[in-house]
Amino acid sequence: MNEQFDVVVAGAGPAGAQCARDLAARGYDVVVLETEQEDEFPRQSNKSTGGTFPSMLSAFGIPDDVVMHFTDSVVIESPNEHFVREQAGGVLDFGAFKTFLVEDGTEKGAEYRFDARVSNPITEGGEIVGVQYNGSREVYGDIVVDATGPAAPLAKALDVSDLKRENQAIGIEYEFEGVDLDAAGHADLTDAMMLRLDHTYAPGGYAWIFHTGEDTAKVGLCYIQNESYQRYAETRRTVDGYLEHWLDTDPRFADAERIEGRQHRGSAHIQPPGALSTDNFMAIGDTVPTIDPLWGEGINKGMRSGRAAAITADQCLIPDERDTSAENVSLYDDLWHGEVAPGADARLFMTELLYLVPNERYDSLLRDLRNLDRDTLSGINNGNKLAIAKLLQFDDLPLLAQFAKQRLKAYRS
Ligand SMILES: Cc1cc2nc3c(=O)[nH]c(=O)nc-3n(C[C@H](O)[C@H](O)[C@H](O)COP(=O)(O)OP(=O)(O)OC[C@H]3O[C@@H](n4cnc5c(N)ncnc54)[C@H](O)[C@@H]3O)c2cc1C
């Protein structure tokens with residue numbers, strides 16, 4: 001007997017779980033298939049630092065009790081400088097947050113099946129009509145959503161997503177107690193989320209310390225093993241090795257002790273999105289990928305892509321006029337480009353340029369940032385090229401030439 005739903009969602013991450021929450025609240029029959037077992041969920045997928053902002057918490061009705069610590073500034077650090085911006089934020093307990101999304105979605109009427117590993121699309125006439133999971137089990141839906149993150153089994157099989165290995169950023173983080181958050185010579189990191197540009201610790205990427213209350217913090221780093229990495233990685237270390245190196249050499253961790261069982265690791269692709277949808281199908285969250293390339297903000301973006309998919313499904317599944325053709329589903333693409341990740345190209349451009357910059361230039365960049373007005377800073381953050389140009393110096397010409405060469409090579413390949 002076929003099991004038929006309005007919408008089948010693969011993956012109970014922020015993107016899939018939010019999509020299911022919205023659809024269930026609108027009265028649709030939705031099933032979420034999640035590969036992890038219910039009693040240990042989320043374990044492998046408990047991968048995120050969980051840094052977010054009040055706009056995400058209020059837009060999606062996220063309760064304060066999944067926030068480990070509210071912060072009031074964002075700090076950018078380089079080897080010898082820092083830049084502080086007052087901005088309210090919150091560090092989630094990512095595991096508790098994921099559990100909340102599942103419980104709330106279930107209360108609203110979504111069905112969750114754990115220990116359900118999605119492997120393949122079921123197609124009829126070349127269009128997806130359902131999915132296979134756990135080998136031979138099948139479930140059917142008018143619309144299918146791939147929200148499995150970088151795994152993307154459905155999006156890959158349907159040629160919607162083309163996640164490239166060379167664009168895969170890997171990240172690792174431990175939680176600590178006994179961190180010196182207000183050390184001499186550094187910005188005060190009390191109630192702050194700090195991102196550090198420093199190739200010594202994260203070649204071609206960045207490192208971070210997010211305060212989680214008292215003397216505790218999440219400490220981690222991520223990078224892509226691309227040309228910037230090849231250029232700046234003086235010693236070949238694993239990503240864990242780089243984190244150990246930072247912990248061993250930064251005096252702020254001299255008395256820090258790891259909190260047992262609090263370790264997170266994962267990956268995401270930093271690349272432009274390819275296609276986002278086709279007949280009866282949408283890809284959301286890190287499957288696309290939706291994550292912001294610059295600072296890896298993937299939770300808010302992923303949830304917003306989940307909401308855009310739910311809005312699209314709502315439009316396609318109007319009773320008596322069900323139309324899930326690629327043309328109708330392409331509303332999702334419009335919402336993604338217009339509202340979920342506007343200016344994604346410009347931010348990717350900025351990211352590639354930023355991680356190519358040498359350590360000394362990071363220092364002068366942060367000094368320059370301190371002298372810019374708020375509007376220019378917002379412009380830079382939004383990928384405005386005129387605003388970005390204000391940061392460039394004559395000495396950056398060789399770097400820009402190198403960047404252009406790199407882009408041309410990528411374009412040709
Ligand atoms: C180390 C690290 C730190 C990060 N820090 C931050 C941060 O501070 N702030 C921020 O905003 N973002 C951060 N991110 C990014 C953010 O966590 C992701 O962008 C976000 O989790 C993406 O959500 P998603 O739902 O698309 O995918 P995921 O979170 O990857 O969820 C996918 C779900 O699908 C399930 N799944 C996978 N394969 C299958 C399958 N075949 N069948 C069924 N289920 C499957 C997984 O178990 C998982 O539950 C970080 C990421 C990493 C790796």
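Trainee: What makes the pair between Glu-34 and an oxygen atom of the ligand a polar contact?

Mentor: A polar side-chain atom of Glu-34 lies 2.7 Å from that ligand oxygen. A polar contact is a pair of N or O atoms within 3.5 Å; within protein, one must be able to donate a hydrogen and the other to accept it, and residues adjacent in sequence count only if both atoms are side-chain atoms. The Glu-34 pair, at 2.7 Å, therefore qualifies. The protein covers 93% of the 1,000 Å² of accessible area that the ligand has on its own (Shrake-Rupley method, 1.4 Å probe; for residues, only the protein chains shown count as cover).

Trainee: What is the status of this model?

Mentor: This is a predicted model: local features need pLDDT of at least 70, side-chain atom pairs count only at pLDDT 80 or more, and totals for chains, interfaces and linings use all residues. Residues are numbered from 1 along each chain as its sequence is written, and side-chain values use heavy atoms, with hydrogens and water left out.

Trainee: Why is H1 called mostly covered?

Mentor: Buried means under 20% relative accessible area, exposed over 50%, partly exposed in between (1.4 Å probe, protein chains only). In H1, 11 of the 12 residues are buried. Among them are Cys-19 and Leu-23.

Trainee: How do you know that the span of H1 agrees with a helix?

Mentor: The expected span is 1.5 Å times one less than the number of residues. For the 12 residues of H1 (residues 14–25) that gives 16 Å, and the end C-alpha atoms are 16 Å apart, so the two agree.

Definitions and conventions
Helix = DSSP H or I, 4+ residues; strand = E, 2+ residues; numbered from the N terminus.
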